[in-house]
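Student: I have a model open and would like to go through some of its side-chain contacts. Can we start once it is on screen?

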Amino acid sequence: MGGDHITVVAFYFPPSIAQSCLIRELEGVCDSFGTQFLLLAGDANTRSSLWGPAVQDHRHHDEGGPLIDFILARNLYIWNDSASLPTFETDRGQSWIDITMSSQSLVPRKGRWAVSRTLLSDHNFISFSLTSSSGATTVSGPLQFGFRRLLRLAKDTADFYAAHAPELHSLTSKGCLEAWILRLENFLKMAFSSGTVSTVSIPTVPWWDGELESQRKKTRALRARFQRCRNPAERPLRRQIYKREEARYKYLIKLKSRRCFEIFCTEISKIHPFKLPYKLAAGKIRTATIMQSVQKADGTFTTSMEDTVTTIVARLFPLDHSHSETLEQRQVRRLVAEYNSQEMPPPFSLWEIQGVLEQMAPRKAPGLDGIV
């Protein structure tokens, strides 16, 4: 990445094994690489206020001591956000036991770190971005699938396994097993390629604060619980709780945005009383004319304002071409050209034209005909 070699280590600490033994194995792995850029991520099965809320671990014989000593001895930087969603959730509870950390040399390249809920596992997705030396983000977020897309993926995976299960049970060597696993990985990659990469929308408005962020996370969590609930008796209650928190979330957005705008108007009015707030209240801000595209005679649509105006004028005021006239229009033209009557008034005299010109208002320019 950017000319540098980054070593990524994924680890898992089973709760049935002493953490001190697992830390010694992890130290051996890290020492064997001897790299400057080291990134570690895994399930530590340990809770600590360094990567989650201040909740005391129920395993008193460990209490995260060996892992914390390992982090301090190697001067590792923890990427976790203690205010994030739980990294592990079940019906019985939730916890923050998954950790992402790196060497100090990767700290300037740390990008976004976020936890996304998923229905595929008890462990939620942890997505993080690591930028190269040029600043380009190289790690994207998790894939998001809808219920139908997820159901179709599950059916395709079941069909794949049913078709290749006899071959799996008849394997006799490690090489054949690795080839079968590679075939399964290629199938899953093709299935995942149709997914869309999710992007976390982070509001950039000045009135967004921690209270709104917390309320948004709470509202989304309650919505997910309501949508996952299948109990007919419990579902209306969860919907009521979700709607109440959603209404509070919308109220906070309206309250904080309006308060921020009031402060902005007050500060602007102190500098100049007739600036933007006054113009908004008095309706003196001119909005730009938005001209929609219109269809031309050849069936295409206009792409610019000048083209739109030209098309509308040509439609409402067509040019007077004799070769494109209908029979009725030719008869009207001939009648006007050959019209002659004894009752026609005489032509305008010079003194009449001069009198009209003298009655006109001064300092006025003539029209298109050069006279009127």
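Student: In helix α5, about how many helical turns separate E213 and R216?

Tutor: About one turn, because the two residues are 3 apart in helix α5. Keep in mind that this is a predicted model.

Student: What kind of contact do E213 and R216 form?

Tutor: A salt bridge, in which the closest N and O atoms are 3.1 Å apart.

Student: Is R216 buried or exposed?

Tutor: R216 is buried, because its relative accessible area is 7% and buried means under 20%. E213 has 24% relative accessibility, so E213 counts as partly exposed.

Student: How many salt bridges are there by the rule used here?

Tutor: The count comes to 12.

Student: Which residue does E211 pair with?

Tutor: E211 forms a salt bridge with R248, and the closest N and O atoms are 3.4 Å apart. This pair links distant parts of the chain, with the two positions 37 residues apart in numbering. E211 belongs to helix α5 (residues 210-228), while R248 belongs to helix α6 (residues 235-271).

Student: And how accessible is E211?

Tutor: E211 has 39% relative accessibility, so it counts as partly exposed. R248 also counts as partly exposed, at 39%.

Student: Back to helix α6. What separates E246 and K250 there?

Tutor: About one helical turn, because they are 4 residues apart in helix α6. They form a salt bridge too, with the closest N and O atoms 4.0 Å apart.

Student: Which category does each fall in, buried or exposed?

Tutor: E246 counts as buried at 18% relative accessibility. K250 counts as exposed at 53%.

Student: Which residues are joined into one network by salt bridges that share partners?

Tutor: D209, E211, R248 and K256.

Student: Change of topic. Which residues make the nonpolar surface patch?

Tutor: M305, V309, I312, V313, L316 and F317 make a patch of about 570 Å².

Student: Where is V313?

Tutor: V313 is in helix α8, which covers residues 305-316.

Student: Why does V313 count as partly exposed?

Tutor: Because its relative accessible area is 43%, and partly exposed lies between the 20% and 50% cut-offs. Patches take residues with over 30% relative accessible area and no salt bridge.

Key
Residues numbered from 1 in each chain as written. Predicted model: local features only at pLDDT ≥ 70, side-chain atom pairs only at ≥ 80, totals over all residues. Heavy atoms only, no water. Patch = residues over 30% accessible without salt bridge, like charges linked within 9 Å, V, L, I, M, F, W, Y side chains within 5 Å. Areas by Shrake-Rupley, 256 points an atom, 1.4 Å probe, with all protein chains shown as cover. Salt bridge = Lys/Arg side-chain N within 4 Å of Asp/Glu carboxyl O. Buried < 20%, exposed > 50% of the residue type's maximum accessible area, 1.4 Å probe, protein only.
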